Amino acid sequence: MTDALSIARDLIRCPSVTPADAGALGVLEKALGAAGFICHRVTFSEEGTADVDNLYARIGTEAPHITFAGHTDVVPPGDEGAWSVGAFSGEVKDGVLHGRGAVDMKGGIACSVAAVLEHLAANGGKPRADGQKSGSGSISFLITGDEEDVSINGTIKLLKWAAERGEKFDHCVLGEPSNVETLGDTIKVGRRGSQSGTLVVDGVQGHVAYPHRASNPVPDISRLIVAISDEPLDHGSAQFQASNLEFVSVDVGNKAFNVIPGEARAKFNIRYNDNHTQASLRELVETRLAKACGNRIKARIVWEPSNSNVFVTKPGPFTDLAVAAIEEVTGRKPELSTSGGTSDARFIASYCPVIEFGLVGQTMHQIDERVPVADLEKLTKVYRGILTRYFG
Ligand SMILES: [Zn+2]
């Protein structure tokens, strides 16, 4: 069976709690292989992490090339006794499919596979039927088993592996549960970047009774915190809300009342928009710090490594065709949103424009994660609409 519900149920019945695969990728490999996809199972490993299975499947060799990305791993079910049906039973109750991964995101993957299989069947087994525009096109699936935990042996490495093989992606649809309340309300077109750091102020430790022999970093770090965070980093951009720098802790580690501490530290995180790159953002903060320190205060910033860069897919023909497909099926004009936490889209964005559109996220990671079967059918139609427009 190749309809979205059957594929979703088969996937849910594989208890692929991250990073286990439990047969989930095999379900997809079988369905896609039968339709003519060339499938590659790629395992990545890294010391200190579990080996993770990934799947890359492609049909066609020419441009344009649209790829559907996703993950088959799921978060643990939690208290399985609290579920109204088995967390991995894939049971349908009153028209609603229950199970871990129903919306995040085995359901979304099932809809994309079902839509692609229908699309190929309607076009003589090819992405684009003969006689249409030049280039017969390609469709692929980039599926990882490492999204819900550390995301080290998953999409980031699969993309690199694909690039080394000469794979070129023109556009990507990531089927994460992007909708907030109702199917069709939200497409995610980007996310803010995230950068953490620690402000370190050097003082000179000493006795509180002899402050002239010491240098107290406590008043200085207070001044620096205000100097760095008082003025906004920007006022937002066309696609994003304003960037924000938030101090989250101040530490001197001093238990005594009679000692001036020798060092003070303050941790902060910045969520930044497309007015900045990681480098320009760091420079902006360091410039503010240097100005506030003058010649007197000795301070520095220790930046945390970050692979959460800001990205955005600007409105254009690709977002337009997705919006049109969504409107046609759901009757809603989706918002192009850049809110929320991170996903693998941040890695994909360095290779091609990416949009996130999937199911409604309300029950993700919860007990009784579930999706109306009607939503699976609608999302499949949306993906078909995207494919028809993309190759039309
Ligand atoms: Zn997810």
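These are my notes on cysteines and salt bridges in this structure, which is a predicted model.

**Cysteines**

I looked for disulfides and found 0. I then checked Cys39: its sulfur has its closest cysteine sulfur in Cys14, 15 Å away, which is too far for a bond. A disulfide needs the two sulfurs within 2.5 Å. I also looked up accessibility. Cys39 is partly exposed at 22% relative accessible area, whereas Cys293 is buried at 8%.

**Salt bridges**

How many salt bridges does the whole structure hold? My search turned up 16. I went through a few of them.

Lys157 and Glu46 pair up through their side chains at 2.7 Å, N to O. Lys157 sits in helix α4 and Glu46 in the loop between β1 and β2, so I noted a link between distant parts of the chain, 111 residues apart. Glu46 is partly exposed, with 38% relative accessible area.

Next I took Arg300 and Asp202, whose side chains form a salt bridge at 3.0 Å, N to O. Here strand β15 supplies Arg300 and strand β10 supplies Asp202, with the two positions 98 residues apart in the count. Both ends are partly exposed: Arg300 has 37% relative accessibility and Asp202 has 31%.

Then came Glu231 and Arg288, in a salt bridge at 3.9 Å, N to O. Glu231 is in the loop between α5 and β12 and Arg288 is in helix α6, so this pair ties together parts 57 residues apart in sequence. Is each partner buried or exposed? Glu231 is exposed at 53%, but Arg288 is buried at 14%.

Last entry: I found Asp21, Glu29, Arg41 and Asp53 joined into one network by salt bridges that share partners.

Methods. Residues numbered from 1 in each chain as written. Predicted model: local features only at pLDDT ≥ 70, side-chain atom pairs only at ≥ 80, totals over all residues. Heavy atoms only, no water. Buried < 20%, exposed > 50% of the residue type's maximum accessible area, 1.4 Å probe, protein only. Salt bridge = Lys/Arg side-chain N within 4 Å of Asp/Glu carboxyl O. Helix = DSSP H or I, 4+ residues; strand = E, 2+ residues; numbered from the N terminus.
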